[in-house]
Amino acid sequence: MRVLVAGASGFVGARLCPALEAAGHEVLAMTRHPAQYRGAGKTVLGDVADVGSLRDALRGTEAAYYLVHSLDSADFKRRDAEAARAFARAAADAGLRRIVYLGGLGDDDDSLSDHLASRREVERLLGETGVPVTVLRAGIVIGHGGTSWELTRQLVEHLPAMVTPRWVGTRTQPIAVADVVRYLVGVLDHPEAEGRTFDIGGPEVLAYRDMLQRVAAIEGRPLLILPVPLLSPRLSSYWLSLVTDIDVTTGRALIDSMTNEVVVRDDAIRRIVEFEPMGYDDAVLQALGERAKSRRTA
């Protein structure tokens with residue numbers, strides 16, 4: 001297929017574009033700054049805030065991946081909603097056959113954080129103009145450069161002991177970024193995935209505390225975790241910005257989401273895109289290896 005990737009230079013998009021090319025697809029890598037793009041695919045100019053540029057970028061394509069979000073902005077809910085509406089209109093005008101969107105896990109009957117609620121709203125808005133949307137919902141994605149993974153790694157490497165909010169006991173189902181990409185590529189070749197929503201995750205359900213302790217063990221670092229009930233999300237986000245390079249706005253959105261359990265409830269995707277997802281320790285080792293390689297070549 002001729003496929004457009006919105007968010008081609010991002011954490012997932014930069015890995016997805018070469019994987020789509022390897023699978024035989026013609027890839028259009030959409031970016032606001034074509035001259036700066038160095039990844040796989042043919043570069044096309046497009047801005048989710050500009051419907052006209054989106055129509056031009058989508059012209060002649062059969063499918064599109066939507067990997068755009070504005071977590072580092074204080075008004076990310078409004079910005080993401082406006083971008084999704086614009087993309088849906090342009091996709092319909094271009095006669096697109098399918099949109100594939102990477103959203104977030106979380107139970108709809110739970111009190112979802114603003115971050116996860118925004119992901120749900122984007123799912124709905126992308127489908128408003130009639131283009132079928134395939135949604136893959138993931139929790140923590142493990143890979144070099146991913147915000148949630150960097151938060152985990154930096155906490156372990158910077159603090160031998162930490163006083164944490166109670167969210168360290170919340171369960172999640174982390175997944176390797178390589179496996180996210182395999183699912184994203186895989187659903188494109190399966191008509192039965194059209195218009196459906198799937199949960200994706202790795203083979204293990206872990207509390208955030210478990211994730212931190214497993215990374216510490218892999219790196220051979222001491223780690224003492226003391227959960228306390230007094231740290232508010234605002235205080236926690238300031239604390240994170242002091243000990244990691246995650247900005248306060250992004251940290252606040254992530255911490256709010258960590259109160260929501262994000263685990264796979266339906267593994268139907270496993271019967272459509274068949275492979276064995278990577279375990280947590282292997283995903284961590286791969287992420288650390290990617291980081292080491294990037295530092296050697298920098």
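A residue counts as exposed when its relative accessible area is over 50%, as buried when that area is under 20%, and as partly exposed in between. The exercises below concern a predicted model.

**Exercise 1.** Locate Asp245 and decide whether Asp245 is buried, partly exposed or exposed.

*Solution.* Begin with the position along the chain: Asp245 lies in the loop that runs between α8 (233-243) and α9 (248-257). Next, take its relative accessible area, which is 60%. The cut-off for exposed is over 50%, and Asp245 is therefore exposed. Finally, look for a residue distant in sequence: Glu150 is 95 residues away from Asp245 along the chain, yet their C-alpha atoms are 8.6 Å apart in space.

**Exercise 2.** Carry out the analysis for Asp189, and state which class its accessible area gives.

*Solution.* Asp189 is placed in the loop between α6 (177-188) and β11 (197-199). Its relative accessible area is 48%, and since values between 20% and 50% fall in the middle class, Asp189 is partly exposed. As for spatial neighbours, Val273 stands 84 residues from Asp189 in sequence, with 9.3 Å between the two C-alpha atoms.

**Exercise 3.** Describe how helices α5 and α7 are arranged relative to each other, and which residues make their contact.

*Solution.* Two packed helices are described by the distance between their axes and by the angle between those axes. For α5 (residues 147-158) and α7 (residues 208-219), the axes come within 9 Å and cross at roughly 60 degrees. The two helices are therefore oblique to each other, and their crossing is right-handed. On the α5 side the contact is made by Trp149, Thr152, Arg153, Leu155, Val156 and Glu157, while α7 contributes Met211, Leu212, Val215, Ala216 and Glu219. Sorted by class, this contact comprises seven nonpolar residues, one polar residue and three charged residues.

**Exercise 4.** Characterise the whole protein: how many helices and strands are there, and how does its radius of gyration compare with the globule rule?

*Solution.* First count the elements, which are ten helices and 13 strands. The radius of gyration is 19 Å, close to the 19 Å that the globule rule gives for 298 residues, so the protein is as compact as a globular protein of that length. The C-alpha trace spans about 55 × 40 × 35 Å along the principal axes. Turning to burial, 52% of the 298 residues count as buried. Lastly, among contacts between residues at least 6 apart in sequence, 77% join residues at least 24 apart.

Note on methods. Residues are numbered from 1 along each chain as its sequence is written. This is a predicted model: local features need pLDDT of at least 70, side-chain atom pairs count only at pLDDT 80 or more; totals for chains, interfaces and linings use all residues. Side-chain values use heavy atoms; hydrogens and water are left out. Axes are lines fitted to C-alpha atoms, for helices over the stretch in contact, and angles run from 0 to 180 degrees between N-to-C directions. Helices (H or I, at least four residues) and strands (E, at least two) are DSSP runs, numbered from the N terminus. Angles under 35 degrees count as roughly parallel, over 145 as roughly antiparallel, 65 to 115 as roughly perpendicular and the rest as oblique. A crossing is left-handed if the near helix is turned anticlockwise from the far one by less than a right angle, and right-handed if clockwise. Contact means heavy atoms within 4.5 Å. Ala, Val, Leu, Ile, Met, Phe, Trp, Tyr, Cys and Pro count as nonpolar, Asp, Glu, Lys and Arg as charged, and the others, Gly among them, as polar. The radius of gyration is taken over C-alpha atoms; the globule rule is 2.2 Å times the number of residues to the power 0.38. Buried means under 20% relative accessible area, exposed over 50%, partly exposed in between (1.4 Å probe, protein chains only).
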